[in-house]
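Subject: A structure for you to explore

Hi,

Here is the structure I promised to pass on to you. Please open it next to this email and follow along as you read.

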Amino acid sequence: LDMTLLNIGQEIGLPDSTYIPSDLRELNTQSSIYKGICLRKGAREAFELMTAESKIAGYGIKASSGFRSYGAQKSILDTRKKEGKDTSKSVAKAGYSEHQLGVTIDLTGSSISYASVTTKFENSIESKWLEENAYKYGFIMSYPKDKEDITGYIYEPWHYRYVGIDMAQKIKDSGLTITEYLALPKTE
């Protein structure tokens, strides 16, 4: 069962909360800031091509997070709640996270010293490059600015999801969020 295009979000969870993609592969050390960050095979290949080509263009883009299991997501949520943070629009519930699909990455850049999951990323040169180029590699920003009412989540300029090059081009051309696009009636 391919979950790549599951329209997952605040209200839609995985049909099986224990889901772990069978084709997870660890990212190479040039494209991640930690060891052990994994993506599904196709997403990994596209991501590593994107980071290699961005490096040639002078940008240092790396992943700070990739696949997360149900348990890992629950742990992040529990930690944030213990810190007294309102997590309802900033951390997905376990079983409702795009990260569990194995095609979603949190990104960072050399211009912000590879700081992870920070609003500083918004104005970084790497973020600007991604906004202009990520779709060419099959990646789309999941939670764009001023779309919280649609996506259910705060603006996360670092959070990108692999949907494949053709789908990424269609979503970009539509001007819709991933959430809106995947909710459209299927015409094919």
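Below is what I found, starting with the whole protein and then going residue by residue.

This is a predicted model, in which local features need pLDDT of at least 70 and side-chain atom pairs count only at pLDDT 80 or more, while totals for chains, interfaces and linings use all residues. Residues are numbered from 1 along each chain as its sequence is written, and side-chain values use heavy atoms, with hydrogens and water left out.

**The whole protein**

The protein has 6 helices and 6 strands. Helices (H or I, at least four residues) and strands (E, at least two) are DSSP runs, numbered from the N terminus. Reading from the N terminus, the order of elements is β-β-α-β-α-β-α-β-α-β-α-α.

How does the radius of gyration fit a compact globule of 188 residues? Such a globule would come to near 16 Å, and the protein has 15 Å, which agrees. The radius is taken over C-alpha atoms, and the globule rule is 2.2 Å times the number of residues to the power 0.38. Along the principal axes, the C-alpha atoms fill a box of roughly 45 × 40 × 35 Å.

Of the 188 residues, 49% count as buried. Buried means under 20% relative accessible area, exposed means over 50%, and partly exposed is in between (1.4 Å probe, protein chains only). The accessible surface is about 9,400 Å², and 52% of it belongs to carbon and sulfur atoms. These areas come from the Shrake-Rupley method with a 1.4 Å probe, and for residues only the protein chains shown count as cover.

Contacts (heavy atoms within 4.5 Å) also link distant parts of the sequence: among those between residues at least 6 apart, 64% join residues at least 24 apart.

**Threonine 104**

Threonine 104 is in strand β4, which covers residues 104–109. Is it buried or exposed? Threonine 104 counts as buried because its relative accessibility is 0%. Leaving out residues up to four places away in sequence, threonine 104 touches Leu39, Ser65, Gly66, Phe67, Glu98, His99, His159, Tyr160 and Arg161. With Glu98 there is a further detail: the backbone oxygen of glutamate 98 lies 3.2 Å from a polar atom of the threonine 104 side chain. That is a polar contact, a pair of N or O atoms within 3.5 Å; within protein, one must be able to donate a hydrogen and the other to accept it, and residues adjacent in sequence count only if both atoms are side-chain atoms. Methionine 141 is 37 residues from threonine 104 in sequence and 9.6 Å from it in space, C-alpha to C-alpha.

**Around helix α3**

Serine 124 sits in the loop between β4 and α3. Serine 124 is buried because its relative accessible area is 3%. Its side chain reaches the backbone nitrogen of serine 127 at 3.0 Å. Beyond four places in sequence, serine 124 touches Ser111 and Ile112.

Glutamate 126 lies in helix α3 itself. Glutamate 126 is also buried, with a relative accessible area of 0%. Not counting neighbours within four places in sequence, its contacts are Tyr59, Gly60, Ile61, Gly109, Ser110, Ser111 and Phe121.

**Two positive phi angles**

Most residues other than glycine have a negative phi. Tyrosine 114 has a positive phi of about 55° although it is not a glycine, and aspartate 146 has one of about 60°. Where are they? Tyrosine 114 is in the loop between β4 and α3 (125–133), and aspartate 146 is in the loop between β5 (139–141) and α4 (148–151). Tyrosine 114 is partly exposed, at 26% relative accessible area, whereas aspartate 146 is exposed, at 70%.

**Two more to look up**

Aspartate 23 is in the segment before β1 (24–26). At 19% relative accessibility, aspartate 23 counts as buried. Aspartate 23 touches Leu39, Arg40 and Lys41, again leaving out residues up to four places away in sequence.

Lysine 55 lies in helix α1 (residues 41–56). Lysine 55 is exposed because its relative accessible area is 59%. The C-alpha atoms of lysine 55 and glutamine 30 are separated by 10.0 Å, with these positions 25 residues apart along the chain counted as their spacing.

Enjoy looking around!
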